[in-house]
Amino acid sequence: MDGSPEMISRRGLLRGKFGSRPREARGWYAVAGLPTGPGNVFWDGWADDDGLFVVGDDGVITHFDGEVWERMSSPAPVPVHALWGRDRSELWAVGWMGLILRFDGAEWHKIRGCVVDAGGKYPSTPENTPLFGICGSDTGQAWVVGDRGTILHFDGTDWAAEVSGTRAHLRSVIRLNDGRLLAAGGDGTVLLRDTEGCWAPLPCSVASNFTGAFTLEDGGALLCGGRYFVDANGFRGDLVRWDGETFEKLFTDQEFSRFRALGRSGQGTLAVGDSGHIHLIRDTRIDRVQSGTGHDLLGLVSLPSGEAMAVGDFGTVLVGDDQALTCFAPAVQAGAEPSVWAEKTSGTDRQLWGMWHDPTHDQLYACGEEGTVLVQDRGKWEALPPVGDLGIHDLTCASDGGLLAAGQLGEIHQFDGTQWREHFDLHMDVTLLSLWSDGAGQIFAAGDEGLVLHWNETDWQRMPSGTKSALYGLWGMDAEHLLAVGDFGQVMRWNGQRWDEFSAGTEHFLFDVWGRSLSDIFVVGLSGTIGHFDGTRWTITPVRARSDLLAVTGTNQDAMAVGAAGAAARFDGQRWHLDATGTTAGLRAVAVDAQGHYFACGDGGTILSRTPES
């Protein structure tokens, strides 16, 4: 998470509302490609400069080496709850049934727990007591906590129990700045271990079921958890600060979902919890951050880049920056693949959000912020008169053959060859993000809050779309067969009479859709998501792109997707290949001309081209 003075949310970025949202509203990004099922639950992770481990239910341990995720062999099929280690040659994992694993740099080995009886079942023995939290010291000592007040200590050679003085379930243990330890758990239980090795209870007045703890720079600690309230028919979250002497419940004027874990990022302290809630804490302020998921978040992982990663239910893995995992990317070697894209002079440094090819005249257009509209004339890009001061997100042909532009505040304008005039005004602060025309007078527009408009050769009419989610992309075979894509894997299908949901089998945000026929359709989205519909079912295709893919188009022979950080991927009819673009600028739109030349545009007025032979 960078230290720039302003942040914008993912949705603000796509809409061009630069600086319109506070820093804390920035969204998180889903990570794809893990070799696990959608029902997996992830509890924790650990990272060093060489890679990243994520652990969860059923003994799942996955590793990311900077390029691919790999599921590792696990000695026990029980949930793995927490990780700690000084380095990967002595990395510890703890979990259900008293499980303690050690990674030696190559393999995982079971050290303790998961004792089975003659019938192959786990008996109720002290060694099978579930374990949930772990921390350690610079000397290699480690401490683990779990159910019924269990505390285990590794002295560098063996594991042994320490007397906790409680039967409460303990869920977290941390090392304070002065070398003492603090453990927390059910019913407001907080224990302090002094430098002599004795544990003693601390008088906490908040009877929360603590699930996480975090060491503060001032020597104190922050605790998180939640309590069940009958009137709310559910859990409410608690954040409690310990200053070394007393406990104080924070943000008492606000209500939160149950918190599960705490961590640090470049922006401040993070708290994650139920229903996908992420909060950023800075000084005396707490702000909700857009997570893009409703799944419970159970753990936070610190990455070498200073970024953070959240993990949770249903295989959820999120990062606070879409480039967060590039800290593990192998160094680029000399003689790396040259770019197959060439940069063109656009004549502007404005952000470009849309690109459209006029098939009738084989003409290319690009559009963006501050009413920017560009046209390619004899190989050069030239500016048309601006469409006012508002951002323009897409272009298409008008029913009389002119040029239409749509964007912020629900406005649509038409260019008559000399100047722009207003074609439609929704009179609402809702951004139109995509346009589609059948070339014969039928035009559709889609955008924020499920907005869909239809031009029937006479006037614009608002249509019931069946969703309140943002719709980023439109594509159709004809005026009776259209698709619109948006938030949380939303796909809406128009059949000429009404819009219906059309599940693509992903919860990742989808930003664009394009197809050759009703049985050959592509969608692209968050964290390199690419989906394909073959007329019968959707298939989500793994692509080794870490960046979000924001636009897709193609020809009868191939397809092209582009996205954040200069990402581009080409489908050759069999599989997807990553293209070297030679830029790190975000690419937000892509079009192809009649000769099969691809063009992409994006941040800072970037325009690239790719020849069919590349």
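Which residue forms a salt bridge with R378? In this model, which is predicted, the partner is D377, and the closest N and O atoms of the two residues are 3.4 Å apart. R378 is exposed, with a relative accessible area of 80%, whereas D377, at 28% relative accessibility, counts as partly exposed.

Side chains of opposite charge can pair when their charged atoms come close. A search of the whole structure finds 23 salt bridges, and R350 provides another example, since it forms a salt bridge with E369 in which the closest N and O atoms are 4.0 Å apart. This pair links distant parts of the chain, with R350 in the loop between β29 (342-344) and β30 (352-358) and E369, 19 residues apart from it, in the loop between β31 (363-368) and β32 (373-377). R350 is partly exposed, with a relative accessible area of 24%, while E369 counts as buried because its relative accessibility is 14%, and buried means under 20%. The two residues also belong to a network of salt bridges in which D349, R350, E369 and E370 are linked.

Further along the chain, the side chains of R588 and D603 meet in a salt bridge, with 2.6 Å from N to O. R588 lies in strand β54 (residues 587-592) and D603 in the loop between β55 (598-602) and β56 (607-610), so this salt bridge ties together parts that are 15 residues apart in sequence. Both R588 and D603 are buried.

From charged pairs we can turn to the aromatic rings, for which the count comes to 30 aromatic pairs. One of these is formed by Y472 and F511, an edge-to-face pair with 5.1 Å centre to centre and 70° between the planes. Here too the pair links distant parts of the chain, because Y472 is in strand β42 (residues 471-478) and F511 is in strand β46 (residues 510-517), 39 residues apart. Y472 is buried, with a relative accessible area of 7%, and F511 is buried as well, with a relative accessible area of 3%. The rings of W514 and F522 have their planes at 10° and their centres 6.3 Å apart, so that this pair is stacked; both of these residues are buried.

Ring pairs also link W46, F53, F103 and W108 into a cluster, and several members of this cluster, including W46, F53 and W108, are touched by L83. L83 has its place in strand β6 (residues 80-85) and, at 7% relative accessibility, counts as buried. Leaving out residues up to four places away in sequence, the contacts of L83 also include D44, G45, V55 and I134.

Rings can be found beside charged groups as well. The charged end of R493 sits over the ring of F502, 3.8 Å from its centre, and R236 lies over the face of F229, at 5.0 Å from the ring centre. F229 is placed in strand β19 and counts as partly exposed, at 25% relative accessibility. When its neighbours within four places in sequence are left aside, F229 is in contact with G234 and R236.

The last stop is on the surface, where Y228, V230 and F235 form a nonpolar patch with about 330 Å² of accessible area together. V230 is found in the loop between β19 (221-229) and β20 (234-242), and this residue is exposed, with a relative accessible area of 72%.

Note on methods:
Residues are numbered from 1 along each chain as its sequence is written. Side-chain values use heavy atoms; hydrogens and water are left out. Patches are made of residues with over 30% relative accessible area and no salt bridge: like charges are joined within 9 Å, nonpolar side chains (Val, Leu, Ile, Met, Phe, Trp, Tyr) within 5 Å. Accessible areas come from the Shrake-Rupley method with a 1.4 Å probe; for residues, only the protein chains shown count as cover. Helices (H or I, at least four residues) and strands (E, at least two) are DSSP runs, numbered from the N terminus. Buried means under 20% relative accessible area, exposed over 50%, partly exposed in between (1.4 Å probe, protein chains only). Contact means heavy atoms within 4.5 Å. Rings of Phe, Tyr and Trp (its six-membered ring) pair if their centres lie within 6.5 Å; planes under 30 degrees apart count as stacked, over 60 as edge-to-face and the rest as tilted. A charge sits over a ring if NZ of Lys or CZ of Arg is within 6 Å of the ring centre and within 35 degrees of the ring normal.
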